[in-house]
Amino acid sequence: MERYKEEFIQFMVESDVLKFGEFTLKSGRKSPFFMNAGAYVTGTQLHRLGEYYAKAIHDKYGTDFDVLFGPAYKGIPLSVAAIIAFSQLYGKEIRYCSNRKEVKDHGDTGILLGSKLKDGDRVVIIEDVTTSGKSIEETFPIIKAQADVNIIGLMVSLNRQEVGKGGEKCALDEIRDLYGFETNAIVSMDEVVSYLYNRPCGGRIVIDDTLKAAIDAYYEQYGAR
């Protein structure tokens with residue numbers, strides 16, 4: 001596993017973004033882990049988060065794209081942090097774009113924030129985590145309605161690797177097959193578990209034998225590996 005992925009896993013735990021225990025998800029599933037990207041709240045955290053996204057995006061998509069699109073609301077700070085880091089790390093100026101929840105009819109009018117989309121733009125979408133694919137279902141037609149762009153991929157921070165709406169494939173694979181663009185994550189839960197199992201992080205063992213068994217049981221029921 002790449003070093004930046006190992007650092008990102010530690011970063012999620014230390015930032016209290018990735019938690020382990022017992023959680024009831026929006027889907028009603030009882031999960032032994034939970035991720036809340038809204039817990040990244042400081043300048044230092046957002047700076048580091050942008051760097052991890054930039055490295056993962058560069059690994060998967062290189063520099064041959066024009067716009068990083070962050071769906072409202074959580075995708076807005078993610079896209080801004082990532083393009084700043086991308087410029088610093090790789091010397092490539094990428095434009096950021098996000099959508100508003102409602103169309104603005106005065107001043108800076110329209111449904112978009114940041115850069116306008118132009119015909120021929122190559123777009124990467126950035127999100128925190130994708131569980132059901134509902135966000136892309138809402139975002140895809142908004143993007144395509146603005147210009148004749150080429151969406152080349154999606155980058156999320158964590159692939160939960162559990163079945164999506166179809167009940168067989170994970171949400172990222174469902175999105176890939178439905179919309180025809182690549183889907184990737186900075187890390188997968190397989191990588192998280194493999195790295196953290198019986199390994200100290202922040203002075204404690206985060207995933208011990210008991211929690212590992214609970215995660216394994218969860219994936220026996222909901223996994224899409």
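This report walks through two helices, several loop residues and an internal cavity.

## Before we start

The model is predicted, so local features need pLDDT of at least 70 and side-chain atom pairs count only at pLDDT 80 or more, while totals for chains, interfaces and linings use all residues. Residues are numbered from 1 along each chain as its sequence is written, and side-chain values use heavy atoms, with hydrogens and water left out.

Helices (H or I, at least four residues) and strands (E, at least two) are DSSP runs, numbered from the N terminus. A residue is called buried under 20% relative accessible area, exposed over 50%, and partly exposed in between (1.4 Å probe, protein chains only). Contact means heavy atoms within 4.5 Å. A polar contact is a pair of N or O atoms within 3.5 Å; within protein, one must be able to donate a hydrogen and the other to accept it, and residues adjacent in sequence count only if both atoms are side-chain atoms.

## Helix α1 and the turn after it

How far apart are the end C-alpha atoms of α1? They are 17 Å apart, which agrees with the 16 Å that its 12 residues should span at 1.5 Å a residue. The expected span of a helix is 1.5 Å times one less than its number of residues. Buried residues in α1 are Y4, K5, E6, F8, I9, F11, M12 and V13.

E6 is a good residue to look at in α1. Its side chain makes a polar contact with the side chain of R3, at 2.9 Å. Not counting residues up to four places away in sequence, E6 touches M1 and Y195. E6 and V192 are 186 residues apart in sequence, yet their C-alpha atoms are 8.2 Å apart in space.

Next comes S15, in the loop between α1 and β1. S15 counts as buried because its relative accessibility is 10%. The side chain of S15 reaches back to the backbone oxygen of F11 at 2.8 Å. Beyond its neighbours within four places in sequence, S15 is in contact with A39, Y40 and Q45. D16 sits in the loop between α1 and β1 (18-24), and its phi is near 60°, a positive value in a residue other than glycine. With a relative accessible area of 43%, D16 is partly exposed.

## Helix α2 and what covers it

Helix α2 runs over residues 43-61: 19 residues that reach 26 Å from first C-alpha to last, close to the 27 Å expected at 1.5 Å a residue. Which residues of α2 are buried? They are Q45, L49, G50, Y52, Y53, A54, A56, I57 and Y61. The cover over these buried residues includes α1 (3-14), β3 (67-70), α3 (75-90), β6, β7 (150-159) and β8 (182-188). After α2 comes G62, with a positive phi near 65°.

## R95 and its partners

S115 is placed in the loop between β5 (110-114) and β6 (122-126). Is S115 buried or exposed? At 17% relative accessibility, S115 counts as buried. The side chains of S115 and R95 make a polar contact at 2.8 Å. Setting aside neighbours within four places in sequence, the contacts of S115 are R95, Y96 and C97.

R95 can also be placed relative to V80, a residue of helix α3. The two are 15 residues apart along the chain, and their C-alpha atoms are separated by 9.0 Å. V80 is partly exposed, with a relative accessible area of 30%.

## Two backbone details

The peptide bond from A72 to Y73 is cis, with omega near 0°. Y73 is in the loop between β3 and α3.

N198, in the loop between α6 (189-196) and β9 (200-201), has a positive phi of about 55° although it is not a glycine. Its relative accessible area of 42% makes N198 partly exposed.

## An enclosed space

Rolling a probe the size of a water molecule over the atoms shows where empty space is left. On a 1 Å grid over the protein atoms alone, a cavity is a set of points where a 1.4 Å probe fits but cannot get out, and lining residues have an atom within 4 Å of a point. Grid points are joined across faces, edges and corners, and a volume is the space filled by probe spheres set on the points.

By this rule there is 1 cavity of 30 Å³ or more, and the largest has a volume of about 30 Å³. Its lining is made of T130, T131, N159, R160, Q161, E162, C170, A171 and L172.

Conventions
On a 1 Å grid over the protein atoms alone, a cavity is a set of points where a 1.4 Å probe fits but cannot get out, and a pocket is an open set with protein on both sides within 12 Å along at least five of seven lines; lining residues have an atom within 4 Å of a point.
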